[in-house]
Amino acid sequence: MTDGLAVIGAGFGRTGTLSLKQALERLGFDGCYHMAEVATHPEHAELWLRAWRGEDVWDTLFAGYRAAVDWPAAAFWPRLMERYPAAKVVLSLRDSESWFKSASSTIFQSMEHARQSPDQRLRTRLKMANAIIREGTFDGRLMEQDHAITVYEANVARVRAEVPADRLIEFRASDGWAGLCEPLDLPEPDEPYPWVNTSEEFLDRWRNRPDPSK
């Protein structure tokens, strides 16, 4: 495979993006960028803020990555689609009400709690997430169901309208390997499609994370 992103995720977080990350890596798109990477590389938080200000940071940010899914990358899919013209765009989908129920009880809730964290690295990531997700994507109205669902559905509609048909892959986790492998022209692995990061698993990790103040 050549350098640069070959797959760009345009779906919001809580549409099966961590499972999608693992699936893409299993298919050879290694590594696949996900919000979890920012925890491993805290210096990336500032790079994402620079990207939000319009700077071209992609070569640095995606060095060593072949795909990017989940936030914050999903907020940049129009720019990334132009930057990597050969890349496929995967729109991960979920019923909009089910998506909000999951996002509001996991991602959005953890963003609220992070404001009180004594962990400076966590607060730095929160600053980035606030700029790109809370304010930039949802106009500060994360927990307003009708508004959040309107934003979610508008993103889906925009992806469908702007991504050429030969580059777009609409995908639900229930599609399994076939939903990815057929449009990517790859053989299906002889193993179950990964199913990780349920709401319960997300909340368990959040509740049981180490306290950095101790």
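**Fold, helices and a pocket in a predicted model**

Among contacts in the protein chain between residues at least 6 apart in sequence, 75% join residues at least 24 apart. The model described here is predicted, and the values below are computed from its atoms. The protein chain holds 11 helices together with five strands, and of its 214 residues 52% count as buried.

The strands are considered before the helices. All five of them form an open sheet, in which the order is 2-3-1-4-5 and the pairing is parallel. Strand 2 (32-33) and strand 5 (168-171) stand at the edges of this sheet, and because each has a single partner strand, one side of each is left without a neighbour in the sheet. Strand 1 (residues 7-9) and strand 3 (residues 67-68) run parallel and are joined by two bridges, with V7 standing opposite A67 in strand 3.

Two helices illustrate how parts of the chain are enclosed. In helix 1 (residues 17-26), seven of the 10 residues are buried, and the helix is therefore largely enclosed by the rest of the structure. The buried residues in helix 1 are T17, L18, S19, L20, K21, A23 and L24, a list in which a lysine and a serine appear beside leucines. In an α-helix there are 3.6 residues a turn, so residues three or four places apart point the same way. Just after helix 1 comes G28, which takes a positive phi of about 110°.

Helix 10 (residues 176-184) has G176, W177, G179, L180, C181 and L184 as its buried residues. These buried residues pack against two strands of the sheet named above, strand 1 and strand 5, and also against helix 1 and strand 4 (88-92). Helix 10 is followed by D185, and the phi of D185 is likewise positive, near 55°.

One of the buried residues of helix 10 is a cysteine, C181, which raises the matter of disulfides. A disulfide is a covalent bond between the sulfur atoms of two cysteines. A search of the whole structure finds zero disulfides. C181 has 2% relative accessibility and therefore counts as buried, since the cut-off for that class is under 20%. C32, with a relative accessibility of 0%, counts as buried for the same reason.

A further part of the model to be described is an open space in the protein. Rolling a probe the size of a water molecule over the atoms shows where empty space is left. The second largest pocket contains about 260 Å³ of space, and its lining is made up of 15 residues, among which A75, W77, T137, N155 and R158 lie nearest its centre. Helix 5 (77-83) and helix 9 are the elements that give two or more residues to this lining, and helix 9 gives the most, with four residues.

T137, one of the residues nearest the centre of the second largest pocket, can be followed in closer detail. T137 lies in the loop between helix 8 (120-135) and helix 9 (145-162), and at 17% relative accessibility T137 counts as buried, because this value is under 20%. A polar atom of the T137 side chain lies 2.7 Å from the backbone oxygen of I132. When residues up to four places away in sequence are not counted, T137 touches F12, A75, I132 and V151. A75 thus appears twice in this account, as a residue that T137 touches and as one of those nearest the centre of the second largest pocket.

Terms used:
Residues numbered from 1 in each chain as written. Predicted model: local features only at pLDDT ≥ 70, side-chain atom pairs only at ≥ 80, totals over all residues. Heavy atoms only, no water. Disulfide = S-S within 2.5 Å. Buried < 20%, exposed > 50% of the residue type's maximum accessible area, 1.4 Å probe, protein only. Pairing = 2+ DSSP bridges. Polar contact = N/O pair within 3.5 Å; in protein donor to acceptor, adjacent residues only side chain to side chain. Contact = heavy atoms within 4.5 Å. 1 Å grid on protein atoms, 1.4 Å probe; cavity = no way out; pocket = protein on both sides within 12 Å on 5 of 7 lines; lining within 4 Å. Points joined across faces, edges and corners; volume = space filled by probe spheres on them.
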